[in-house]
Amino acid sequence: MAIRLLAVSLHLCILSGIFLAGPALAVSPPRAKAPTGSTPKVSVALISESAAVEPGGMLWVGLRQRIAPGWHTYWLNPGDSGEPPTIEWALPPGWSAGPIVWPQPERLPVGPLMSYGYTNEVVLLTRLTAPADVQAGTSTALRGRASWLVCEKICIPEEADLALTLPVGGVKPATAATAPAIERARRAVPAPSPWPTSLRATADTVTVSVAAPRLAADRIADVWFFPSRWGVIDHAAPQAVTIDERGITLRTARGPLPAAAESGVDGVLVIRERLDQGTVSQAFEIRASTEGAAAGSRPPFALATAVGLALAGGLMLNLMPCVLPVLSVKAIALVGHAEAPTAVLRRHGLSYTGGVLASFGALAGALIVLRAGGAEIGWGFQLQSPLVVGGLAYVLFALALSLSGVLVIGSRLTGLGKGLASRPGYAGSFFAGALATVAATPCTAPFMGVAIGYALTQPPTTALLVFEALGLGLALPFLALSLIPGWRRRLPKPGPWMERLKQALAFPLYGSVAWLVWVVGRQVGPDGVALVLAGLLLIGFAAWIHHGTRAAAPRWRRAATTVALACVAVAIALAPLAASSPSSSAPSPTGARGEPFTPKRLAELRAQGTPVFVNFTAAWCITCLVNERVALHSPAVAEAFARKGVVYLEADWTRKSPEIAAVLQSFGRSGVPLYVVYGRTAVLAPRVLPQILSEGVIIEALEMI
Amino acid sequence: MSDSVSRRRFLAHTGAAVLVTGASATLGRPRPSWAAAAKVGEPAPGFTSTATSGSPVSLGSYKGKIVILEWTNHDCPYVRKHYETGNMQSLQREVTGQGVVWLTLISSSPGTQGHVTPAQADELTSTRKAAPTAVLLDEKGVVGRMYGATNTPHMYVVDKTGLLVYAGAIDDRPTTRRADVQGANNYVRAALEAVVAGQPVKTPVTRAYGCTVKYS
């Protein structure tokens, strides 16, 4: 957050910098005092991102250390020896200072020992907050005393008084001299890790597992974990790093502090990634707990446990609002036919179970095959398609109408009906089972996540077994009722309550429909919602016309059926239309998420003179991820896109795409990230942004349009 | 699709890599096996080293006595803090007066900061009015590595039965400021008091602070 605010104010600085020639900021480099009387090994300066103080405002300042060649200063955790720098602030009344925000450290081996720190130059950031009552027109002197240890082979403690006098006024541009240093420091501060991380400790080793799937292992040059506390790991021990489809696993020697690893560890993971233009370092703040949120790194539990959990999850599914009505109606039908021959009922139960198991098998099979093909999908993957979601809304709506009594789908679907012993009756039960499965997919019961997560990491046969256990759990209540006559006798006596219950059960289904329409809204925006709602209206009309003319003359009935079928056909035709309605109108849940890139779309937009920002990215590209997290998807950038009327296209290269590869090649690139800004006219060449982005860089580029 | 086929495809798709990253210094030559170093709660590893007098001193000969090990480097600012304030010497005097053995160890290799000849070491003891039982010259760093000594000062307490009961800093103020000696919580004194009272040491392991031990 702090980083974002920093970038926003940085952006304001740049904006105003276009119009104002900033007055040079007087930074008098304070003399560092070296107790030995020799020249100080570190020259320090207090630098500011902004040349003025804003009443009640926030100001990022940096302690810049220029370190003599061969010498180093220390990080928050200095490693095997040393001491991190401190700043004792002596600020005017009302001011407050935050803690030091540490840029990513380097590892500095000293003989057999290891230090963590900085060489050459480092800027340690601190956020200061001004009181609201500072008088505009005056000036404020910010003072403090910095102490640090600087070491080569020997160590020297040094200290210096810091002073920086800033005028009080609006936010003014940062000085040209100090802004880049603050910007560099900001980029070197670790970003929160997007990946779940867990920790395993033995008597001698500590293993940190970072669930970062699908990293391009061949592009990773180096990985190092810097713990933020002493004692958890042996700082100097080699770190054995494995990168595979599950993520990064790092094993190293345990540190000397007893029980330290058991309470978890936090620190900074620095990954050096090879890009086209050289190697970049990305730092992530990680917090690994022994409880471990990462499913992939958990010790896998027994198949039996997974099957048990799946069975329980399947049972739970019966209580979900989308499934309960389907099951209840079947159960009600049983009530009405409690006296039917046991063999017949048993066959119905088995048909229903068969329907559930067959459809679960089909779904799981599709899931397994797609995942083997490299698709990163989980349970409920089918709901990623607005077409499927719309279709599901139609089916559940029709089912709800039938429960409300508007439509009689009749014996085949919802009940055992008159043709209890007839074959179509069994087919109906089988179909009801399939329907229950379809209706169940959006409702993930609490136990299912774990079991499915396990299933998907297992060989296909094991995965299928777990999925079928889930299906069996779903089918179990009805199966039990049909197989065990004793249970059936416990059912209440048939009566008018059955009809009323059926009608009441329509409402959970209507609720499910409302939810599915909302999902469509998230996926394709209000236009898609309108089309799906129109489809539902048509289905309602078709149901009414069909039901209302049941007692009419055959001629009328035929006409009504024709009209009803036509309505349903139109409704069905609307669904793909809804699914393909432009997604740019969809509200994005997390800042700017662009519409997918196609060369055609880009050409269209450019022909219209619309400025375009194209983000060539991939899920396995760490730099892309960091850029999106710290800059591209931030509200400030989204606001700038909106203000400048820029269309944001995302070219996702996670999976191979010859189209995207061709565009990358046209920019002389063989990989991502690549950021291109196209201006309003085709005359101007598109502008390629640096591979490391900040909000400031993007906003500045957008301002040039 | 069989399991092996899909897995092979997956690996081919994403690639898998193993890196071992370590400091070149630690990969290039055998690093001290800190894993085998002294562990608090276990018997303190035995050693024999040479005192400034030239006679060998071995830990085993002090069985039945409490032994304190102090790693030092007289030019290290952190060591100077404790000697120039008289803090280290007064602790030495206080505990040796109670029959505790105090061994000061110097593991700086020749040519590095803190390395001294026996004569220089004795002179330092007399000019600083220090009161160790003996000063041991460990210029090859054998004992230092055995104990995993990383810093100067780095303190160890061995109880009468030969168990290592404390390893770490001298106190809880990891600075070079002389003013911080006053009011600091001295871990070594606390450990000694616990050992004498027959109680477990409350804080048996702390992060030693100071300068790196100048191993070769």
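**Exercise 1. Describe how helices α16 and α18 of chain A pack in this predicted model.**

Solution. Start with the geometry: α16(A), residues 635-644, and α18(A), residues 695-703, pack at an angle of about 5°, and their axes are 10 Å apart. Next, classify the angle. Angles under 35 degrees count as roughly parallel, and α16(A) and α18(A) are therefore roughly parallel to each other. Now list who takes part: α16(A) contributes Ala636(A), Val637(A), Ala640(A) and Lys644(A), while α18(A) contributes Glu695(A), Ile698(A), Ile699(A) and Leu702(A). Finally, sort these residues by character: six are nonpolar, two are charged and none is polar. As a reminder for reading the spacing along a helix, residues three or four places apart point the same way, because an α-helix has 3.6 residues a turn.

**Exercise 2. Find out how many residues of helix α15 of chain A are buried, and name them.**

Solution. Take the span first: α15(A) covers residues 622-632. Of its eleven residues, ten are buried, so the helix is mostly covered. Then go along the helix and collect the names. The run begins with Ile622(A), Thr623(A), Cys624(A), Leu625(A), Val626(A), Asn627(A) and Glu628(A), and the list is completed by Val630(A), Ala631(A) and Leu632(A).

**Exercise 3. Work out the strand order and the edges of two open sheets in chain A.**

Solution. Begin with the sheet of mixed pairing, whose four strands come in the order β12-β19-β18-β15. Its edges are β12 (191-192) and β15 (220-227); each has a single partner strand, so one side of each is left without a neighbour in the sheet. Inside this sheet, look at β18(A), residues 265-275, and β19(A), residues 278-288: they run antiparallel and are joined by eleven bridges. To fix the register, note that Val265(A) stands opposite Ala288(A) of β19(A).

Move on to the other sheet. Its four strands are ordered β2-β3-β9-β6, and the pairing is antiparallel. Here β2 (42-48) and β6 (96-97) are the edge strands, each pairing on one side only. Strand β6(A) is joined to β9(A) by two bridges, and Ser96(A) has Thr129(A) of β9(A) as its bridge partner.

**Exercise 4. Locate three backbone features: two positive phi values and a cis peptide bond.**

Solution. Keep the background in mind: most residues other than glycine have a negative phi, and most peptide bonds are trans. First comes Asn120(A), with a phi near 60°. Asn120(A) sits in the loop between β8 (113-118) and β9 (121-129) of chain A. It counts as exposed because it has 12 C-beta neighbours inside 10 Å.

Then turn to Lys129(B), where phi is about 55°. This residue belongs to the loop between α5 (118-127) and β6 (134-137) of chain B. Lys129(B) also has 12 C-beta neighbours inside 10 Å, so it counts as exposed.

Last, check omega: it is near -5° for the bond from Thr152(B) to Pro153(B), which is cis. Pro153(B) is found in the loop between β7 (151-152) and β8 (154-158) of chain B.

**Exercise 5. Decide which parts of chain B to read with caution.**

Solution. Look at the chain as a whole: chain B has a mean pLDDT of 86, with 83% of its residues at 70 or more. Then pick out the weak stretches. Over residues 1-16 of chain B pLDDT stays under 50, and the model has 19 contacts beyond four places in sequence for them. Residues 22-36 of chain B also stay under 50, with 25 such contacts. Where pLDDT is low, the predicted coordinates should not be read in detail. For the complex, the predictor gives an ipTM of 0.79 and a pTM of 0.60.

Terms used
Residues numbered from 1 in each chain as written. Chains lettered and ligands numbered in written order. Predicted model: local features only at pLDDT ≥ 70, side-chain atom pairs only at ≥ 80, totals over all residues. Buried ≥ 20, exposed ≤ 12 C-beta atoms within 10 Å, placed from the backbone. pLDDT = per-residue confidence, 0-100. Contact = placed C-beta atoms within 7 Å. Axes fitted to C-alpha atoms, helices over the stretch in contact; angles between N-to-C directions. Parallel < 35°, antiparallel > 145°, perpendicular 65-115°, else oblique. Nonpolar A, V, L, I, M, F, W, Y, C, P; charged D, E, K, R; others polar. Pairing = 2+ DSSP bridges.
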